[in-house]
Amino acid sequence: MLAAVQLLVGVERTAKLHLERRLLNTRAAQESAKERQRIEAASRLLLEQPKALQRLSERRRTQISAAVQAAADFAAAPPDSAGELLRESEALAPRLGFVSTALAGLSTDPARAAQLDLLARAGSSALRIGKFNLAAAAGSPRAELRVSATQALTEFSAALQSVGEQDLQAGQRRELQLVRHQWTLFIAALGSDGLARDAQALADIASTTDRMAETLASMARRGTA
């Protein structure tokens, strides 16, 4: 499940960082290399087909392997154009969501697996918001991005609200409160369409979506410790 979380979140972060390194003077290039290594490690783990996956049908295992390999290929060579980057990352998202859901169904602890799935979806949704804002700044038509950005806002909020605090460790509760605080401040910089009200907020949007995703990933890791 952690490997599936890494892929779902990692593809979105790769797309966001690839746009970010072209638009902002940040450490995005260095972070992109680290993210690629994490995706490669997660991909290797899932492609080794651990015994648990043998409980799935051959068709399901083939679908998972194809989605995992596609994620690794995307991280190794992201498209240069903003349009292609958006199209490929958006096409990968439901495929990797399927991987996460399929692995959750194999878990001997369904409640914990469902929580990991929620954290993965919240983290990837936060990064999608950053990605759409950077794509808009790169020249992609805002009208085409508004629906997707609004959807990502809704998905993030719904996933965060669905995380049951009663099932969290003390450290996870602190991290959840931190994400909720960051979200309250973050959303003030966005319009109702999920895009920045002011271009000056772009750097903050890029960094805050990263921080929220990192905190949610930390919660996921704690949940499997």
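Reader: Helices here are DSSP runs of H or I with at least four residues, numbered from the N terminus. With that in mind, which helix holds both Trp 183 and Phe 186?

Author: Bearing in mind that this is a predicted model, Trp 183 and Phe 186 are both in helix H7, and because they are three residues apart there, about one helical turn separates them. Their rings form a tilted aromatic pair, with 5.8 Å from centre to centre and 40° between the planes.

Reader: How many aromatic pairs does the structure hold?

Author: The structure holds two aromatic pairs. In the pair of Phe 156 and Trp 183, the ring centres are 4.3 Å apart and the planes lie at 35°, so that pair is tilted. Phe 156 belongs to helix H6 (residues 142-162) and Trp 183 to helix H7 (residues 170-187), so this pair ties together parts that are 27 residues apart in sequence. Through these ring pairs, Phe 156, Trp 183 and Phe 186 are linked into a cluster.

Reader: And are Trp 183 and Phe 156 buried or exposed?

Author: Both Phe 156 and Trp 183 are buried. Trp 183 has a relative accessible area of 11%, and Phe 186 also counts as buried, at 4% relative accessibility.

Reader: Changing topic, how many salt bridges are there?

Author: The count comes to 17 salt bridges. As background, side chains of opposite charge can pair when their charged atoms come close. In one of these salt bridges, Glu 31 pairs with Arg 13, and their closest N and O atoms are 3.0 Å apart. Glu 31 lies in helix H2 and Arg 13 in helix H1, so the two residues tie together parts that are 18 residues apart in sequence.

Reader: Why does Arg 13 count as buried?

Author: Arg 13 has a relative accessible area of 4%, and buried means under 20%, so Arg 13 falls within that class. Its partner Glu 31 is buried as well. Leaving aside neighbours within four places in sequence, Arg 13 is in contact with Glu 31, Glu 35, Arg 38, Leu 127, Asp 210 and Glu 214.

Reader: What about helix H4, where does Glu 90 pair up?

Author: Glu 90 forms a salt bridge with Arg 128, with 2.6 Å between the closest N and O atoms. This pair links distant parts of the chain, since Glu 90 is in helix H4 and Arg 128 in helix H5 (residues 110-137), 38 residues apart. Glu 90 is partly exposed, with a relative accessible area of 24%, whereas Arg 128 counts as buried at 7% relative accessibility. As for networks, salt bridges that share partners join Arg 13, Lys 16, Glu 20, Glu 31, Lys 34, Glu 35, Arg 38, Asp 210 and Glu 214 into one network.

Reader: Is there a partner for Arg 87, and if so, which residue does its side chain meet in a salt bridge?

Author: The side chain of Arg 87 meets that of Glu 84, at 2.7 Å from N to O. The two are three residues apart in helix H4 (residues 82-104), and so about one helical turn separates them. Arg 87 is exposed, with a relative accessible area of 52%, while Glu 84 counts as partly exposed at 32% relative accessibility.

Reader: Last thing, how much space lies in the largest pocket, and how many residues line it?

Author: About 290 Å³ of space lies in the largest pocket. Its lining has 13 residues, of which Gln 6, Glu 35, Arg 38, Ala 217 and Arg 221 lie nearest the centre. Two or more lining residues come from each of helix H1 (2-23), helix H2 (28-47) and helix H8 (202-224), and H8 gives the largest share, six residues. By type, the lining divides into six nonpolar, one polar and six charged residues.

Notes
Residues are numbered from 1 along each chain as its sequence is written. This is a predicted model: local features need pLDDT of at least 70, side-chain atom pairs count only at pLDDT 80 or more; totals for chains, interfaces and linings use all residues. Side-chain values use heavy atoms; hydrogens and water are left out. On a 1 Å grid over the protein atoms alone, a cavity is a set of points where a 1.4 Å probe fits but cannot get out, and a pocket is an open set with protein on both sides within 12 Å along at least five of seven lines; lining residues have an atom within 4 Å of a point. Grid points are joined across faces, edges and corners, and a volume is the space filled by probe spheres set on the points. Ala, Val, Leu, Ile, Met, Phe, Trp, Tyr, Cys and Pro count as nonpolar, Asp, Glu, Lys and Arg as charged, and the others, Gly among them, as polar. Buried means under 20% relative accessible area, exposed over 50%, partly exposed in between (1.4 Å probe, protein chains only). Contact means heavy atoms within 4.5 Å. A salt bridge is a side-chain nitrogen of Lys or Arg within 4 Å of a carboxyl oxygen of Asp or Glu. Rings of Phe, Tyr and Trp (its six-membered ring) pair if their centres lie within 6.5 Å; planes under 30 degrees apart count as stacked, over 60 as edge-to-face and the rest as tilted.
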